Structures are given as C-alpha cells and as structure tokens.
Amino acid sequence: RSVFVDGISQLVAHVGYMEASAYLRKMNKPFFRLYAGPDEESGLELRAFLKAAKVFSELRRLRFGWIGQGCGSEGILDTTFDPKVIEKKLGLQFVKIPVEEVFDRYRKITGDPAQLDELQSLGVDPSELRGLARDDERCVSDSVRFVLALRDVVDEYELGALSIRCFPEF
C-alpha cells in the first residue's frame, strides 16, 4: 500500500530504504531504519530517539575506568557489576585500575598550596566541595590530593568516565 502526501506517492522512499539497507548490509555497516509520520508528534518522538542514539554512539567510544570492585564495607550498598555484560550491551571499553595505584599516586602528591591552585585551574572551587570540613585544612588538602591523583589516572588511561568504589579507609 502506498502512502500519498500532497498527491505524491511515498512508495519511492521505501524503495530507497530497501536499496540503502542492502548496500549497507553488503558493506557490513550497522544501520537502523526509522519510520515516522508527517505529524509533529512523530517528529518529536523521532528527535528524542535520535538524541538517545547520539548518546549511545558517544558511549560506545568511551574508555571507562573501573577503580576497585565493590565496597567491602558493611552497611553500604554493593553495586558490583559484570563489565563484560556492559561492554557487550553498550560497547564501552572498561579499564580496570587497581585501588592501590590510585593511593600510590595520592601519596606522591605533596599537598602544597600550588596544587590547590592547580585544582582551581580545573574549574573546581574547593570551597564548594561537598562533605568536607572546610575549616579543616588537612581534610581539604587530602581531598585536593585525591582529586589530582584521579585526574592523573584519567589523563594516563585516556578515560571518559570513572566508576570508583567507596573508600572507607580514606
């Protein structure tokens, strides 16, 4: 059955879809066919789908750093997951990073005032860090050192995202 818009058959579009699909299949290129009505509501649904597809496409290019596995502290929700399932479903590339590596980097950072300036150059205002006793200089310094250690990990491994277990020992 052919659909007519302003007296013109839209069957031609379907033939074009089929031809393009066959060509893409031959080239082993992934594709997805979308059909939407000419009404505004269909257009909005299509736009929302395309935004989600763009996010999904960007996720597939991410290198995802995974620091630690589970919390190991009683009373805290354990959110352990299987990275192979996520890799298969979303196409993310997981990079396991040992917790000790992060702590080794943390210990090497001295905590001098210049590092606080470095953190501010990243756009982080230490006065806005939540959960800190801001009047405790050691607490602020330790947090700054930890953020800088994480930044080093992100830079070295070229990560786009991080998953970090809780640190009851911190």
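Among contacts in the protein chain between residues at least 6 apart in sequence, what percentage join residues at least 24 apart? The figure is 66%, and it can be kept in mind while moving through this predicted model.

**The whole chain**

Start with the protein chain in a cartoon view, where six helices and five strands can be picked out. Followed along the sequence, these elements come in the order β-β-α-α-β-α-β-α-α-α-β. Of the 170 residues, 24% count as buried, and the chain exposes about 12600 Å², of which carbon and sulfur atoms supply 55%.

Next, colour the chain by confidence. The mean pLDDT is 75, with 65% of the residues reaching 70 or more. Strand 2 (residues 8-9) has the lowest confidence, at a mean of 54, while helix 4 has the highest, at 89. Where pLDDT is low, the predicted coordinates should not be read in detail.

**Helix 1 and the loop after it**

Select S21, which sits in helix 1 (residues 11-26). S21 is buried, because its relative accessible area is 4% and the cut-off for burial is under 20%. Beyond its neighbours within four places in sequence, S21 is in contact with F31 and R33.

Move on to N28, in the loop between helix 1 and helix 2. N28 is exposed, at 70% relative accessibility, and has a positive phi of about 55° although it is not a glycine. Most residues other than glycine have a negative phi.

**Helix 2 and a nonpolar surface patch**

Select S42 in helix 2, a residue that counts as buried at 16% relative accessibility. When neighbours within four places in sequence are left aside, the contacts of S42 are with A36 and G37.

Then show F32, F49 and L50 together as a surface, since these residues make a nonpolar patch of about 330 Å². F49 belongs to helix 2 (residues 40-59) and counts as partly exposed, with a relative accessibility of 37%.

Continue to R60, in the loop between helix 2 and strand 3 (63-67). R60 is partly exposed, with a relative accessible area of 44%, and it touches K89, L90 and G91, not counting residues up to four places away in sequence. A distance drawn between the C-alpha atoms of R60 and E87 should read 8.7 Å, although the two residues are 27 apart along the chain.

**The largest nonpolar core**

Now display the side chains of I67, I97, V102, F146, V153, Y157 and L159, which have the most contacts inside the largest nonpolar core, a set of 17 residues. Strand 4 (93-97), helix 4 (99-108) and helix 6 (137-157) are the elements that give two or more residues to this core, and helix 6 provides the largest share, eight residues. In soluble globular proteins, nonpolar side chains tend to be buried together.

Centre the view on V102, whose contacts, not counting residues up to four places away in sequence, are I67, I97, F146, A149, L150 and V153.

**Salt bridges around helices 4 and 6**

A search of the whole structure finds seven salt bridges, and several can be visited from here. Which residue forms a salt bridge with R105? The partner is E156, with the closest N and O atoms 2.4 Å apart. R105 lies in helix 4 and E156 in helix 6, so this pair ties together parts that are 51 residues apart in sequence. R105 is buried, with a relative accessible area of 17%, whereas E156 counts as partly exposed at 49%.

Select E100 and R107 next, a salt-bridged pair in which the closest N and O atoms are 3.6 Å apart. E100 is partly exposed, at 46% relative accessibility, and adding D104 to the selection completes a network of salt bridges that links E100, D104 and R107.

Finally, in helix 6, select R151 and D155, which are four residues apart, about one turn of the helix. Their side chains meet in a salt bridge at 4.0 Å from N to O, and R151 is partly exposed, with a relative accessible area of 23%.

**The last stop**

End at E158, in the loop between helix 6 and strand 5 (161-164). E158 counts as exposed at 62% relative accessibility, and its phi is near 55°, a positive value in a residue other than glycine.

Conventions. Residues are numbered from 1 along each chain as its sequence is written. This is a predicted model: local features need pLDDT of at least 70, side-chain atom pairs count only at pLDDT 80 or more; totals for chains, interfaces and linings use all residues. Side-chain values use heavy atoms; hydrogens and water are left out. Buried means under 20% relative accessible area, exposed over 50%, partly exposed in between (1.4 Å probe, protein chains only). Contact means heavy atoms within 4.5 Å. Accessible areas come from the Shrake-Rupley method with a 1.4 Å probe; for residues, only the protein chains shown count as cover. Patches are made of residues with over 30% relative accessible area and no salt bridge: like charges are joined within 9 Å, nonpolar side chains (Val, Leu, Ile, Met, Phe, Trp, Tyr) within 5 Å. A nonpolar core is a set of buried Ala, Val, Leu, Ile, Met, Phe, Trp, Tyr and Cys residues joined through side-chain atoms within 4.5 Å. pLDDT is the predictor's confidence in each residue, from 0 to 100.
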